[in-house]
Amino acid sequence: MKTLKIITIILVLYYSTNLRAQSSDQSDVLSIQMLMDTKAPILMTKAEVLGVAVAVMKNGKVVYEKGYGYADVNNEIKVSPATGFNIGSISKLITAWGIMNLVKEGKLNLDVPVETYLKRWKLPESEFDHDKVTIRALLSHSAGLSVHGYPGFHPDDKLPTLEASLNGENGPIRENESVKVIIEPQTQFKYSGGGYTILQLVIEEVTGQKFEDYMKAEIFEPLGMKNTSFTIDQQILSYSAKPYNEEGKEIYLERFTAKAAAGLHTTLEDLTAFAKAQFSVNPVLSQQTIREMVRIIPKTQTKRSAYGLGYATYNFGSIKVTGHAGTNTGWEAGFMMDFDNKDGFIILTNSSNGKKVAIALLQTWAKWRMSQ
């Protein structure tokens with residue numbers, strides 16, 4: 001009888017605790033939903049942003065994800081968590097996972113000269129020490145390289161090869177701007193999309209695969225990112241949002257040779273799967289490796305940001321988050337995590353005006369989180 005009473009007490013305590021946890025979770029969902037449902041439409045109207053997708057994480061779990069507005073205005077298709085978006089430079093962060101997977105397998109060393117792995121292309125000669133252009137320096141934007149970012153190409157254009165792109169054959173905007181060393185490596189921060197194009201080539205050289213095929217097999221499929229791709233094909237287009245410019249006019253979806261730097265297409269559903277992998281056991285990278293990637297490299301610190309291996313840490317006033325932002329013509333995105341508390345905020349937009357909405361909703365999330 002005594003044993004039965006003890007078991008009964010334990011069960012009562014367990015279920016009451018579980019109910020309180022469920023009640024707390026439901027309260028979190030309702031409160032963030034109310035905030036986002038109030039704020040997002042107003043901000044979108046004011047900034048002339050057509051579509052937005054938002055996800056919120058708390059304690060390593062996705063507590064909220066929702067689409068607002070239109071993926072395709074003409075056909076009245078609304079945004080949902082399954083809508084496809086280009087995520088610009090967030091591509092770099094996910095490419096970093098591809099690189100670190102090869103480090104894990106012993107196929108890459110972070111601290112040897114990157115040219116150790118290159119046969120198809122070499123850095124142009126310079127007055128600087130090329131031995132300091134390592135994988136670690138490329139991942140952290142401390143390799144002293146040129147080419148900040150890349151333009152996209154029209155769908156009907158013939159894309160340059162990876163080697164041609166590295167040599168500066170990127171159309172009128174970046175024509176003749178080759179990837180080269182312009183600052184002594186490992187001495188200061190110098191953001192370079194060109195450095196990630198070199199990493200794209202490294203992956204191809206080391207694996208013998210196309211970059212996009214390697215990333216699909218080794219990163220996206222193991223993490224359950226079923227609708228994420230560096231290849232813009234008919235399947236990707238079938239669920240993609242349309243991009244819109246500053247005037248709200250539909251524009252074409254750009255294509256990229258520099259895919260590692262700017263070319264990834266994904267959905268909110270898939271990015272939340274990637275977000276959960278940041279805080280839990282996953283089939284690609286260990287938590288120890290992710291912590292190493294997040295850790296700030298001192299020489300990369302600027303007034304508003306600092307870099308680890310693919311990850312940027314941003315200071316927005318009182319808000320400190322780690323992840324990456326992304327900008328391409330017709331798209332703005334943010335992938336922001338709080339690794340200390342296992343919280344996070346993801347936003348995707350299909351508008352060149354999306355940054356205003358992204359920052360405002362990030363601030364809304366931060367205030368909500370502080371109130372919990």
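**Salt bridges**

I started with the charged pairs in this predicted model, and my count came to 9 salt bridges.

I looked up Arg 120 and found it paired with Glu 163, with 2.7 Å between the closest N and O atoms. I then checked where the two partners sit. Arg 120 is in the loop between helix H2 (90-104) and helix H3 (135-139), while Glu 163 is in helix H4 (residues 162-166), so this bridge ties together parts that are 43 residues apart in sequence. Buried or exposed, I asked of Arg 120? Neither: its relative accessibility is 37%, so I put it down as partly exposed.

Next I went to Lys 132, which bridges to Glu 184 with the closest N and O atoms 3.6 Å apart. That still makes the list because the cut-off is 4 Å. Lys 132 is in the loop between H2 and H3, and Glu 184 is in the loop between helix H5 (171-174) and helix H6 (193-207), so here the tied parts are 52 residues apart in sequence. I noted 32% relative accessible area for Lys 132, which is partly exposed. Glu 184 is partly exposed too, at 24% relative accessibility.

My third pair was Arg 369 with Asp 338, where the closest N and O atoms are 2.3 Å apart. Arg 369 belongs to helix H12 (residues 354-371) and Asp 338 to strand S9 (residues 331-338), so a helix and a strand are tied together across 31 residues of sequence. I checked burial here as well, and both Arg 369 and Asp 338 are buried.

I also jotted down a network of salt bridges that links Asp 111, Arg 136 and Glu 292.

**Thr 322**

I picked Thr 322 next and placed it in strand S8 (residues 319-328). Its relative accessibility is 9%, so I count Thr 322 as buried, the limit being under 20%.

Which side chain does Thr 322 reach with a polar contact? I found Thr 313, with a polar contact of 2.9 Å between the two side chains. I also listed what Thr 322 touches once neighbours within four places in sequence are left aside. Besides Thr 313, the list includes Val 294, Tyr 311, Ala 312 and Phe 335. Met 336, Met 337 and Phe 339 are on it as well.

**Glu 246**

I found Glu 246 in the loop between helix H8 (234-238) and helix H9 (259-262). At 44% relative accessibility, I filed Glu 246 as partly exposed. Not counting residues up to four places away in sequence, Glu 246 touches Ser 352 and Asn 353. I also logged the C-alpha to C-alpha distance from Glu 246 to Gly 330: 7.9 Å in space, with their positions 84 residues apart in sequence.

**Aromatic pairs**

I searched the whole structure for ring pairs and got 10 aromatic pairs. One of them is Phe 211 with Phe 230, 4.7 Å centre to centre with 55° between the planes, a tilted pair. Phe 211 lies in helix H7 (residues 211-220) and Phe 230 in the loop between H7 and H8, so the pair ties together parts that are 19 residues apart in sequence. I looked up burial for both rings' residues. Phe 211 is buried at 0% relative accessible area, and Phe 230 is buried at 2%.

My last entry is a cluster in which ring pairs link Trp 97, Phe 274 and Phe 335. Phe 335 was already in my notes as a contact of Thr 322.

Key
Residues numbered from 1 in each chain as written. Predicted model: local features only at pLDDT ≥ 70, side-chain atom pairs only at ≥ 80, totals over all residues. Heavy atoms only, no water. Salt bridge = Lys/Arg side-chain N within 4 Å of Asp/Glu carboxyl O. Helix = DSSP H or I, 4+ residues; strand = E, 2+ residues; numbered from the N terminus. Buried < 20%, exposed > 50% of the residue type's maximum accessible area, 1.4 Å probe, protein only. Polar contact = N/O pair within 3.5 Å; in protein donor to acceptor, adjacent residues only side chain to side chain. Contact = heavy atoms within 4.5 Å. Phe/Tyr/Trp six-rings, centres within 6.5 Å; stacked < 30°, edge-to-face > 60°.
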